[in-house]
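User: I would like to go through this structure step by step. Please keep the answers short.

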Amino acid sequence: MLTVEGLDVWFGYPPDRVDAVQDASFTVAQGESFGLVGESGSGKSTILRAIAGLIDTWSGRIVVDDQQVEGRRRDRAFHKTVQMVFQDPYASLHPRHSVDRVLSETLKLQGMDDIDRRVQRLLDDVGLGRGFRFRYPHQLSGGQRQRVAIARALAAEPRLLLLDEPTSALDVSVQAEILNLMTDLRAEHGLTYVMVSHDLAVVGHMCDRLAVMQGGRIVEVMKVEDLRQGAASEAYTKSLIEASAGYVRA
Ligand SMILES: Nc1ncnc2c1ncn2[C@@H]1O[C@H](COP(=O)(O)OP(=O)(O)OP(=O)(O)O)[C@@H](O)[C@H]1O
């Protein structure tokens, strides 16, 4: 489903050039959920944005579902395959656009018909009833806003969902609801996930495999199951596990 090979991503020009990602390689199978973990600034979001076709300055190879990503991708076919959900659902929803408008416009942009029925179906899929359809972002809780953002991503009927810290702006009980929703949606829609998180407990709950990043490089790729068994081989991964007491208990 996804191949990332020898990915380098940089920002700016010498002497201020930042090498955000260096020589990153991994593959994600159809239907798999893959986590990217690591400390702040280690390059996790940058990898996601490069896969999403949102960055120009990179080299290497990114192939999504047989489509080669080249610099920025803005075409409809690509967005039908890949969608992204961001950390802050308030920032990613236009404050003056109702839920109905957000979803209808996305569906129309994808060239879909039967908009009314599809909007209702999307709201049902993310557990929001009819009463939410004509609300505005300020009339929704953080968790409800993130459900709308997920519904908007699903509107394009993507095969790959890129999730950038999708629950870190939410409080713990709402976080669990959204994680469970995303687990159910993956099974129902046969989705593939790549998910960025600084939280090993979240990745342990959601993912099959993960890559551990440090200073722009992937230091280890492993199964979540092996992480749970304490089979991390890199010292850095072990220190992450120790720092994440919640995960060890999970
Ligand atoms: N547009 C940009 N211009 C310049 N530098 C950038 C830009 N975006 C990211 N960076 C730098 O690239 C590096 C990787 O950033 P990135 O956001 O990918 O890290 P991250 O692991 O996702 O961090 P966090 O967990 O804090 O979100 C950082 O040093 C960051 O400052």
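The questions below go from the whole chain to one helix, the core and the ligand.

User: This is a predicted model. How many helices and strands does the chain have?

Analyst: Yes, the model is predicted. Two kinds of element are counted along the chain. The count gives 10 helices and 10 strands.

User: What is the radius of gyration of the chain, and how does that fit the globule rule?

Analyst: Start with the extent: the C-alpha trace spans about 50 × 40 × 35 Å along its principal axes. For 250 residues the globule rule gives 18 Å. The chain comes close to that, so it is as compact as a globular protein of that length. Its radius of gyration is 18 Å.

User: What share of the contacts with a separation of 6 or more joins residues 24 or more positions apart?

Analyst: Take the contacts in the chain with a separation of 6 or more. Then pick those between residues 24 or more positions apart. Their share is 67%.

User: Why does the span of helix α5 agree with its number of residues?

Analyst: Helix α5 covers residues 142-155, which makes 14 residues. At 1.5 Å a residue, these should span 20 Å. The end C-alpha atoms agree with that, because they are 20 Å apart.

User: Is α5 mostly covered or mostly open, and how many of its residues are buried?

Analyst: α5 is mostly covered. The cover includes β6, α3, α4, β7 and α6. Among the buried residues are Gly143, Arg145 and Ala151. Of the 14 residues in α5, the number buried is 12.

User: Which element gives the largest share of the largest nonpolar core?

Analyst: This core has 66 residues. Ala151 and Leu162 are among those that touch the most other members. The largest share is 7 residues, and it comes from α5.

User: Which residues does Leu162 contact, leaving aside neighbours within four places in sequence?

Analyst: Leu162 belongs to the largest nonpolar core. Set its sequence neighbours within four places aside. What remains is Leu48, Ile51, Ala52, Val82, Met84 and Val194.

User: Which element gives the most residues to the shell around the ligand?

Analyst: The ligand is surrounded by 13 residues, and the closest include Phe11 and Ser40. Two elements give two or more residues to this shell: β2 and α1. With 3 residues, the element that gives the most is α1.

User: How many residues of that shell are nonpolar, charged and polar?

Analyst: Sort the shell around the ligand by residue type. There are 3 nonpolar residues and 1 charged. The number of polar residues is 9.

Definitions and conventions. Residues numbered from 1 in each chain as written. Predicted model: local features only at pLDDT ≥ 70, side-chain atom pairs only at ≥ 80, totals over all residues. Helix = DSSP H or I, 4+ residues; strand = E, 2+ residues; numbered from the N terminus. Expected span 1.5 Å × (residues − 1). Buried ≥ 20, exposed ≤ 12 C-beta atoms within 10 Å, placed from the backbone. Contact = placed C-beta atoms within 7 Å. Rg over C-alpha atoms; globule rule 2.2 N^0.38 Å. Core = buried A, V, L, I, M, F, W, Y, C linked by C-beta atoms within 7 Å. Near = placed C-beta within 6 Å. Nonpolar A, V, L, I, M, F, W, Y, C, P; charged D, E, K, R; others polar.
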